[in-house]
Amino acid sequence: MKILVASPEIVPFAKTGGLADVTGALSKALERLGEDVTVIMPKYQVIDDNKFGLEYIGKKVSVPISNRVEEAKIYRGYINNKIPVYFIDRVKYYDRPYLYSTPQGDYPDNAERFIYFSRAIIETCKAIGLKPDVIHCNDWQTGMVTVYLKTLYNNDSVFNNTATVFTVHNLGYQGLFWHLDMHLTNLGWDIFNPEGIEFYGKINILKGGLVYSDIITTVSRTYSLEIQTEEYGHGLDGVLRKRRNDLYGIINGIDYDEWNPATDKYIAVKYSKGNLSGKWECKKDLLQTYGIQPIKKIPVIAVISRLADQKGFDLIAEIIDDLMRLELQFVLLGTGTEKYHKIFKDIGKKYPSMTGIKIGFDNVLAHKIEAGADMFLMPSRYEPCGLNQLYSLKYGTIPIVRATGGLNDTIEDYDPVKRTGNGFKFFEYSPKALFATIEKAIGIYNDDLRWNRLMADAMGKDFSWTNSAREYIELYKKAVKKRTKT
Ligand code: ADP
């Protein structure tokens, strides 16, 4: 099958979160399974042309936007020297310091930037002679592709047999814009209604993806069910319930080329399930990086995250004083909302010898944390899939999670009687439940025998992409079948 993976961010080129990991790793897994994969994304300022060998292919596309036509240059690079990646180069839209937002907030022209991107994806297919069987769209920034293929390009022979699969990586980010941006789409007001892309008087581009795609997926089975409820539906649960027969949950895999303590080039000493001695060295190295003294027998609990309401950090803030009485060290790497920057900086000042707080985005430090910590905390309010708990398992860093979305599907609560499980899990979104779970985890940590067995079990789990990529291929086939019927 000819599959075009369209995404606003893709590893190794540009990343703000899990979406980039997923689209990069899935593309590689599909290619390994013999599929004909092409990838497309915007050409941002952060992408280093020389490092990735990007080349202008001598082609431009003319993309209508509102009453203008704006040209983009097409560049090409490769993933693993094999998978072609096309980059839409429109300086005015993408040559900026950030992908979507500055610390002050979203770029005000995001509607224009990503409506343009979606239409440029379609025009690029035509320019390079690509007739995809499936365009796999990811998140709201590519949602308009699905709308255009069923409207403006419905009778275009290039896309006669092109189906769309739309993956929701996080329903909380919808691409909501005021109705007067409709002119940017070059579509009539007939699609601006509750059955189309209207959402309480606004344009909702994610909703476009949910309504117009042939198949919808999200990144875990639990999340696919949660988003059909009012509590987790962000106002779109009705739309999702309506399409429940076309809605699937496929758990993300992880890329063990990048995340594996036996081969990780960023960590102090490599280690594996069979030889854990390096982990203590990694712990010392991590704490040294944070400027705190390592203490044997005291666990290090870590967080690496976007600092957003979704992630549940209000719970940590409420129990931090009680937690620090439990004798543990806490390290955090994250960036996001100012409110959380302040909360964690204050915690760092109050407990300087037992906490390490780094506000920022740092991939190398993220690897060191996975290797050096004993436990990894994800108390999310909601979590579509979550990747760090999967990295943590591989590094023998035991996850403590709330039972939501992908965290629920991938982490099995430790049972002290049967000695089964791969982490610790709590259900109720409350500081009390979180505290009790951390206390339980520390109790097991103090029992070397149990903890070593738990680490070994966690490290033995396989969350590679192969199985999930196979599930995507089955859905692509389903989408193609559906498309031929209509
Ligand atoms: P989300 O996509 O909601 O941010 P995920 O757990 O799915 O959450 O993926 C987050 C990804 O981003 C992981 O690869 C994680 O290691 C990385 N990440 C998040 N924050 C940081 C940070 N401050 N520094 C380095 N990597 C980070």
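How many helices and strands does the secondary structure of the protein chain come to? The count is 17 helices and 20 strands, and please keep in mind that this is a predicted model. The radius of gyration is 23 Å, close to the 23 Å that the globule rule gives for 486 residues, so the chain is as compact as a globular protein of that length. Here is a friendly tour, from the whole chain down to single residues.

**The chain as a whole**

- The C-alpha trace spans about 65 × 45 × 40 Å along its principal axes.
- Burial applies to 59% of the 486 residues.
- Among contacts with a separation of 6 or more, 72% come from residues 24 or more positions apart.
- About 19800 Å² of the protein chain is exposed, and carbon and sulfur atoms supply 49% of that area.
- On the charge side, you will find 63 positive and 59 negative side chains. The centres of these two sets lie 2 Å apart.

**Aromatic pairs and a cluster**

- Searching the whole structure turns up 26 aromatic pairs.
- One of them joins Tyr-100 and Phe-114: the ring centres are 5.9 Å apart and the planes stand at 55°, so this pair is tilted.
- Tyr-100 sits in the loop between α3 (91–94) and β6 (101–102), while Phe-114 belongs to helix α4 (residues 110–128), so the pair ties together parts that are 14 residues apart in sequence.
- Both rings belong to buried residues: Tyr-100 has a relative accessible area of 14%, and Phe-114 has one of 1%.
- Tyr-153 and Phe-159 make an edge-to-face pair, with 6.2 Å from centre to centre and 90° between the planes.
- Here too the partners are buried, with a relative accessible area of 4% for Tyr-153 and 0% for Phe-159.
- If you like to trace groups of rings, one aromatic cluster is formed by Tyr-44, Tyr-93, Tyr-94, Tyr-100, Phe-114, Tyr-116, Phe-117, Trp-140 and Phe-177.

**Two covered helices**

- Helix α12 (residues 363–372) is mostly covered, with eight of its 10 residues buried.
- The buried residues of α12 include some with charged side chains, Lys-368 and Glu-370. Leu-365, Ala-366, His-367, Ile-369, Ala-371 and Gly-372 are buried in α12 as well.
- What do the buried residues of α12 pack against? Their partners are the helices α9 (277–290) and α13 (388–394), together with the strands β15 (300–307), β16 (329–336), β17 (355–359) and β18 (375–378).
- Helix α5 (residues 143–150) is largely enclosed by the rest of the structure, because seven of its eight residues are buried.
- The buried positions in α5 are Gly-143, Met-144, Val-145, Thr-146, Val-147, Tyr-148 and Leu-149.

**Met-182 and its surroundings**

- To find Met-182, look in the loop between β10 (176–178) and β11 (198–199).
- Is Met-182 buried or exposed? Met-182 is buried, with a relative accessible area of 2%.
- Leaving aside residues up to four places away in sequence, Met-182 touches Leu-187, Gly-188, Trp-189, Ile-191, Phe-192, Ile-197 and Ile-203.
- One of these contacts, Ile-203, is 21 residues from Met-182 along the chain, and the C-alpha atoms of the two are separated by 7.4 Å.

Terms used. Residues numbered from 1 in each chain as written. Predicted model: local features only at pLDDT ≥ 70, side-chain atom pairs only at ≥ 80, totals over all residues. Heavy atoms only, no water. Helix = DSSP H or I, 4+ residues; strand = E, 2+ residues; numbered from the N terminus. Rg over C-alpha atoms; globule rule 2.2 N^0.38 Å. Buried < 20%, exposed > 50% of the residue type's maximum accessible area, 1.4 Å probe, protein only. Contact = heavy atoms within 4.5 Å. Areas by Shrake-Rupley, 256 points an atom, 1.4 Å probe, with all protein chains shown as cover. Charge placed at Lys NZ, Arg CZ, Asp CG, Glu CD. Phe/Tyr/Trp six-rings, centres within 6.5 Å; stacked < 30°, edge-to-face > 60°.
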